[in-house]
Amino acid sequence: MKRHTVLPGFGLTLGVTLTYLGVLVLLPLSTLFLKSAGLGPSRFWDVVTAPRVLASYKLTFGAALAAALINAVFGLLVAWVLARYRFPGLALVDALVDLPFALPTAVAGIALTTLYAPNGWIGSRLAPLGITVAFTPLGIVVALIFIGLPFVVRTVQPVLQDLEAEVEEAAASLGAGRWQTFRRVIFPAVAPALLTGFALAFARAIGEYGSVVFISGNMPFRTEIAPLLIMTRLEQYDYAGATAIAVVLLLASFSLLLLVNVLQWFGRRRALA
Amino acid sequence: MIRLGAVLPLIRLATLGVLAAGCRAEAQRDPGRAVTLLNVSYDPTRELYTAYNAAFAGYWKQKSGQTVTVSQSHGGSGKQARAVIDGLDADIVTLALAYDIDMIAEQAGLLPADWQKRLPDNSAPYTSTIVFLVRKGNPRKIADWPDLARPGIGVITPNPKTSGGARWNYLAAWGYALRQQGGNAVAARALVTAIYRNVPVLDAGARGSTTTFVERGIGDVLIGWENEALLAVKELGPDKFEIVMPSTTILAEPPVAVVDRVAKKHGTGDVARAYLDYLYTEAGQEIAAKHFYRPRLASVAAKYAAQFPKVSTFTVDETFGGWRKAQETHFADGGTFDQIYQPGGRLDGDRASR
């Protein structure tokens, strides 16, 4: 006999979901694997472990991690301000957060480079202090922070909004200090969302190309990101080599997102137990 | 139930669409009606082809009575070639280097391998050279290629791995060294290595390098195409920059070709060929010269002699044995360009990927 769940339409919606994801996500990604498979395992290994490529992974993952960490801290702060306080111009600030989503990344890259170049508005003020941002790894981090900010804010903000102020009041009335309230009450509640936001910002930063190429200077071994090496291989009509590097980036991003999901799952289990 | 009233307009729209598509297919064959061409080109030719398309439309209307509209697509030369290989329906390609069209022939088979012999002058109706753009007054006294290798000089040029235009810059320096007294590959490698050690920023494309040099104020000299340098001086004011012509430089030949298979499918072969032939006429050459490309036709070249100073040049074919060979030796993985950046001059293992 057929079992019925409480919610109707499971078969239909799951079917649509799988087809949709299959066509939109899985199909393009599997062609990626197919194309790179044309290389054969030993050549694949040679391509993805060449010294120049290894240097670019280090830079890409390092810069993406740094940017995602900074975004996690300041994104939480921004989300907190937007969720907890009422002030004139709130709607404007709220809309501002989404701007990095909407702006073409090349525009962001050019604008940031203009600001941070040695003759730029900010760059010229940092230069006497011995700090150069544009055309250094630091510039890459700046661009990735810009790109990743909305991911953290937009995942944390709704959770904070749902967290009743009464909970904090209750904590206070039970004798918790402010830091204790944050650490024991607020943070555990937003931590899963923060982790998701961090992971999204990180994954996005790994693949970012448009904004970074303008500010990085693209010097081999120093400021060459992995997506740029993909482009240089395409420029040589080396499709297989390009997809090989892409596959490595993809697998890294995927394992990271998977890891975050597993962490979340454990977190939920612990909370329920 | 879906209301019929809501669906009817959709059906009408769809019918119109089918009719319109039918009309378009019809129009391609009927000489009395409109025809559309797609010219897939590279970045700095945008203004040139906007002017040229208008001129050609007038000429073609008079000659055949047919109205022709030419759509343009611009981008990095290699990127454009890949788009055509992947199925962008270009009737005509006008790119920055022959290698990109070679790849369209080789990888997609859209035109014969000997396409470059079909039109005069290596299928390059206009040319350019590689020159230096320096800051006004030439404060660092840059006169020729060896000056770019002097310690402390900042040289701006794009990455030849991502920019087709930048490959001309690289080969220009290499060829210069070969042509000096006692010049050989060792000397050429030394000069080019010293020049690239002076490059603080390798932008992905030529326009990016121009921005770095002009807007960001980085570097003492920009290596670039003469047409781009002339445009930069004109747009940004001759009071800020000046052009230095090296003693010997490369003859940049941006080639043009009809993409046979696509033109055949569209039924646009005749008009596409006429489009390219017209580039070689006095009128076409005049437009190229106005947009700072060196004309091939002697009469037009004489008229614009002041704009294009005489300079000793060499071609890729005579110095490097053609683009394929140049690409293999210099820009493929592990080639001479990669070797400049290998720590300890070691070759990397990823040459195997080709």
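User: How much area do chain A and chain B bury between them?

Analyst: In this predicted model, where local features need pLDDT of at least 70, side-chain atom pairs count only at pLDDT 80 or more, and totals for chains, interfaces and linings use all residues, the two chains bury about 3000 Å², 53% of it on carbon and sulfur atoms; buried area is the accessible area (1.4 Å probe) that two parts lose on being put together, summed over both. Residues are numbered from 1 along each chain as its sequence is written, chains are lettered from A and ligands numbered from 1 in the order in which they are written, and side-chain values use heavy atoms, with hydrogens and water left out.

User: Which three residues supply the most on chain A's side?

Analyst: Glu235(A), Gln236(A) and Tyr237(A) together supply 26% of the area that chain A buries against chain B, more than any other three residues.

User: And how many salt bridges are there across the interface?

Analyst: The rule, a side-chain nitrogen of Lys or Arg within 4 Å of a carboxyl oxygen of Asp or Glu, finds three, and one salt bridge joins Asp333(B) to Arg233(A) at 2.8 Å, N to O.

User: Switching topic, what kind of aromatic pair do Tyr49(B) and Tyr275(B) form?

Analyst: Their rings are stacked, 6.4 Å centre to centre with 25° between the planes, where rings of Phe, Tyr and Trp (its six-membered ring) pair if their centres lie within 6.5 Å, and planes under 30 degrees apart count as stacked, over 60 as edge-to-face and the rest as tilted.

User: Is Tyr49(B) buried or exposed?

Analyst: Tyr49(B) counts as buried because its relative accessibility is 0%, with buried meaning under 20% relative accessible area, exposed over 50% and partly exposed in between (1.4 Å probe, protein chains only).
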